[in-house]
Each structure stands twice: as C-alpha cells, then as structure tokens.
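Some terms in structural biology rest on simple cut-offs. The questions below set such terms against the values for one model.

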Amino acid sequence: MTLTEELLIARGELENNLRNLLGIPVFLIEMDGFALPCGCSGATINIRGLQVDDLEIFEEQILKYLNNAAENLEIEPSFIFARLIPGTSEVASLNIRMLCNRCYMDFARGSGKQPRPDIYILRFDRRT
Ligand SMILES: [Zn+2]
C-alpha cells in the first residue's frame, strides 16, 4: 500500500472509532503525514467536533486509537498531543509525532498535561 492509501484507511478507522466511542459526529477533516526541517516527523489529524472534556474523559481509549493508527502507519511516536484553539475548549488537531532531539529537549523541559495553553499532551515518552 502507498502512504496515501494508508492515510485514507487510518483516517476512516479513527473517525469511526471516535464516533462510536463518543456518540457524537466528530469529523476528521484531514489527515496528513509530515516531515519538518528540524527532523521531527509524524501525522496530523485535523478534527472538528471534539472538545477537551472528551479528551479528558476518554483519554485512555483515544490514546489507544492513536497508538493503533500510528502503528498502522509505521510511525513510532514518542509524543502524542492535541492542539487546542486558544481561548476555547475546541480541539483543532491530534498529532502523532516522532520528536527530533532538539524538540524533545524543548518539550522535556515542560511538565504536566498542558505545558502551553494550546497543547494537551496524551503521551510523552521520556528518554532515560
Ligand atoms: Zn523537531
């Protein structure tokens, strides 16, 4: 399968899983694979209809779905987080990211689930 075919399947599965779990019509408007100049790579899922409250309540299950989607895309993420629309409780995107060393150091300095008001961390693997 090509990367884009895998993204199409992952997008559909994740959307179905989230709709079934939450019982609301969340909409995954776009799922993208990305590579950054710094060396980070991964996938971003732009989403509508998901609230921070949903994340908090169903965090364990949602993280399971995202870990599963990552595995299907052959991504081994060290960092999974939601980007929030500042000043609202709306989730703008879910992000599955393999961190480069520099970004790892940046995020390792922070603590808690919300080191910044626009970020809600679902998973951060600390290096030992
Ligand atoms: Zn980076």
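Q: What makes the five strands of this predicted model a sheet, and in which order do they lie?
A: The five strands form an open sheet in the order S1-S2-S4-S3-S5, with antiparallel pairing. Neighbouring strands are turned by 15° against each other on average, direction ignored.

Q: Why are S1 and S5 called edge strands?
A: S1 and strand S5 (119-124) each pair on one side only.

Q: How do you know that S1 and S2 pair?
A: Two strands pair if there are at least two bridges between them. Strand S1 (residues 27-35) and strand S2 (residues 41-48) are joined by eight bridges, so they pair. Their direction is antiparallel. One of the bridges links Phe27 to Arg48 in S2, and Met31 stands opposite Ile45 in S2.

Q: What lies between the two strands of the hairpin?
A: Five residues separate S1 from S2 in the hairpin, and Gly39 in the turn has a positive phi of about 120°.

Q: What makes Ile45 a buried residue?
A: Ile45 belongs to the largest nonpolar core, which has 22 residues. Members of such a core must be buried, with 20 or more other C-beta atoms within 10 Å of their own, so Ile45 meets that cut-off. Ile45 and Leu66 have the most contacts inside the core.

Q: Which elements supply at least two residues of this core each?
A: They are helix H1 (3-22), S1, S2, helix H3 (59-72), strand S3 (79-84) and strand S4 (91-98).

Q: How do you know that Ile45 touches Leu14?
A: Contact requires C-beta atoms within 7 Å. Leu14 is among the residues that Ile45 touches, so this pair meets the cut-off. Leaving out residues up to four places away in sequence, Ile45 also touches Leu28, Met31, Ser93 and Leu94.

Methods:
Residues are numbered from 1 along each chain as its sequence is written. This is a predicted model: local features need pLDDT of at least 70, side-chain atom pairs count only at pLDDT 80 or more; totals for chains, interfaces and linings use all residues. Helices (H or I, at least four residues) and strands (E, at least two) are DSSP runs, numbered from the N terminus. A nonpolar core is a set of buried Ala, Val, Leu, Ile, Met, Phe, Trp, Tyr and Cys residues joined through C-beta atoms within 7 Å. A residue is buried if 20 or more other C-beta atoms lie within 10 Å of its own, exposed if 12 or fewer, and partly exposed in between; C-beta atoms are placed from the backbone. Two residues are in contact if their C-beta atoms, placed from the backbone, lie within 7 Å. Axes are lines fitted to C-alpha atoms, for helices over the stretch in contact, and angles run from 0 to 180 degrees between N-to-C directions.
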